[in-house]
Amino acid sequence: MTWYHWLPVLMIASSAGPAVAIFFLEEESHGWRTLWNMLGAVVKILLLGVLFYEVHLGRTIAFHVPLLPGLTFKLHADALSLLFAGLSTGLWFLTTIYAIGYLEHSPHRSRFFGFFSLCVSTTIGIAMAGNLITLLIFYEFLSLTTWPLVVHRGNRTSITAGHRYLVYTLGGGALLLIGVVWLQTLVGEIDFVARGGLAALPPETHADLRLIFAMLVLGFGVKAALVPLHGWLPHAMVAPAPVSALLHAVAVVKAGAFGIVRVVYDIFGIEFCERLGVLEPLAGLAAFTILFGSWRALAQDDLKRRLAYSTVSQVSYIVLGAAVFGPKATIGGIVHLVHQGLMKITLFFCAGNFAEELGLHRVSELDGVGRRMPWTMVAFTVGALGMIGVPPIAGFVSKWYLGWGALEAGMPWVIAVLALSSLLNAAYFLPILYAGWFGQRTTPWPAPQGHVPDGIVAPGPASHRSADSPCPRWLSVAAGETSLLLLAPALATAALSLLAGILAGSSFSPLYWARFIMMGEY
């Protein structure tokens, strides 16, 4: 085993190591906590660059350790794992900067940032898993490492949301475990290989395989928020804004969607799934989730809950792409793994900025906020228009390939779902943009907040920031705008959302890498 086989292990350790160190820091150790956070993020980016280079050259990178007879802990780096790991690594870096500005003077900081780093380690473990049992191990650890972040506030609302989160995710994990064990008894240990490894099984096993497929998809579908397994997600919005961003764009929902993609392409194989007849039911479930999430978002006045139901809808574009048989749909679904992450994290960063700066939590409170916080509103506008599918933002590229793939597969009804979903996206995003840019505020703006927890509406005008605020005024970009630590990540992800669309045809875009992945699956 040469040095580069250890790269997947080092990717996990680069955030797990700092997490352990952070747990032992005193609450007042601001400098050391920031150093460990940023050191882990930078090291992970450097390791990721090496992995991309090696995989693009065609080198096989795998690490494995026997656990039990017939069970192996295996990590490997392939094109799909690096797409997910790249998203997680890049957005963790930006979310860490945002979280430092947002929470650094809140209680229990070392606990928060310790679990924050562990969450990213488990997400990277999911990305790098080389077989189904390793994926299951990290998938269950993800539930346990994100729960403390959901309940971080420690109030009754967050504890209730955390209980609901555990019931859903551990229930999904149990269903996933049954499916894994059942499949293991049929074929032995399951490694992830391009085009899957089950097509050679005799026809008498096909009925069992259909049931196993359903169990695996539903087990992963809990975290992917497929309807009716989505109930935990809107309630988890009581968590701080950096956690919401992490749940929706990087870790939990993406882990579920990534798991479904692995099942379809690298366990069963897309062509074998087509022969088994499991793709059409999956496409129907994804389409229903897309429309249901968009419809429910319309009724939400709480901004983060509206974004949460938008996530329910948008993540199922990834599942829909996996369920439509054909190369173009595969590209559209896989690239949306990245595109949705960039756009959605932008929206949650901006929602956190509105709450942090002005104590605004509801859509009905946003009249004129674009004139008060113009840069934040610019970032929100880019993210929202991208979600609708307006060119040249990244969301348009995803929807274009999904629609193109649906036509190639002879499934024109998918075009109708995409069109209706885009209309619903416009119906719940455009009123926010209109209110923010053109609405007339009838009451004075509150003074800048010191810190008002997300989901808790301030009872009255806020006091000015204290001298030890995590967002000192000298970091402000412009009068009335929020701290640079909070604004810069939102502007960066908005710019990346735009560039991912404008430069989609380049050789370093997410679309290029999605095409590279697709070529190995057909």
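Reader: Which residues of helix α3 meet which residues of helix α19?
Author: In this predicted model, Leu91, Leu94, Ile97, Tyr98, Gly101 and Tyr102 of α3 meet Leu485, Leu486, Pro489, Ala492 and Thr493 of α19. By class, this contact of α3 with α19 holds nine nonpolar, two polar and no charged residues. Glycine is counted among the polar residues, so Gly101 is one of the polar residues here.

Reader: Helix α3 (residues 79–103) and helix α19 (residues 484–502) pack at an angle of about 155°. What does that make them, roughly parallel or roughly antiparallel?
Author: The two axes are 7 Å apart at that angle of about 155°. Angles over 145 degrees count as roughly antiparallel, and α3 is therefore roughly antiparallel to α19. The crossing in which α3 passes α19 is left-handed.

Reader: How do you know whether α10 and α13 are parallel or antiparallel?
Author: Helix α10 (residues 252–268) packs against helix α13 (residues 303–323) at about 15°, and their axes are 9 Å apart. The limit for roughly parallel is under 35 degrees, so α10 and α13 are roughly parallel to each other. In contrast to the left-handed passage of α3 over α19, α10 passes α13 in a right-handed crossing.

Reader: What makes up the contact of α10 with α13, by residue and by class?
Author: From α10, the residues are Val253, Lys254, Ala257, Ile260, Val261, Val264 and Tyr265; from α13, they are Thr311, Val315, Ile318, Val319, Gly321 and Ala322. They divide into 10 nonpolar, two polar and one charged. Lysine counts as charged, so the charged residue is Lys254 of α10.

Reader: The axes of helix α12 (residues 279–298) and helix α18 (residues 413–438) cross at roughly 15°. Why is one term, parallel or antiparallel, applied to them?
Author: The axes come within 8 Å and the angle is roughly 15°. This lies under 35 degrees, which makes α12 roughly parallel to α18. Their crossing is left-handed. Among the residues of α12 in contact are Ala283, Ile290 and Trp295, and those of α18 include Trp413, Leu424 and Tyr428. The contact divides into 13 nonpolar, four polar and no charged residues.

Reader: How many aromatic pairs does the structure hold, and what are the centre distance and plane angle of tyrosine 139 and phenylalanine 220?
Author: A search of the whole structure finds 22 aromatic pairs. For tyrosine 139 and phenylalanine 220, the ring centres are 5.0 Å apart and the planes stand at 80°. The centres meet the limit of within 6.5 Å, and planes over 60 degrees apart count as edge-to-face, so this pair is edge-to-face. Tyrosine 139 belongs to α5 (residues 132–150) and phenylalanine 220 to α7 (residues 206–223), so the pair ties together parts 81 residues apart in sequence.

Reader: What makes β1 and β2 a pair of strands?
Author: Strand β1 (residues 61–68) and strand β2 (residues 71–77) are joined antiparallel over seven bridges. At least two bridges are required, so the criterion is met. Phenylalanine 63 stands opposite leucine 75 of β2. The strands form a hairpin with two residues between them, and glycine 70 in the turn has a positive phi of about 85°.

Reader: Which residue has a positive phi although it is not a glycine?
Author: Arginine 195 does, with phi about 75°; it lies in the loop between α6 (156–187) and α7.

Conventions. Residues numbered from 1 in each chain as written. Predicted model: local features only at pLDDT ≥ 70, side-chain atom pairs only at ≥ 80, totals over all residues. Heavy atoms only, no water. Axes fitted to C-alpha atoms, helices over the stretch in contact; angles between N-to-C directions. Helix = DSSP H or I, 4+ residues; strand = E, 2+ residues; numbered from the N terminus. Parallel < 35°, antiparallel > 145°, perpendicular 65-115°, else oblique. Left-handed = near helix turned anticlockwise from the far one by under 90°. Contact = heavy atoms within 4.5 Å. Phe/Tyr/Trp six-rings, centres within 6.5 Å; stacked < 30°, edge-to-face > 60°.
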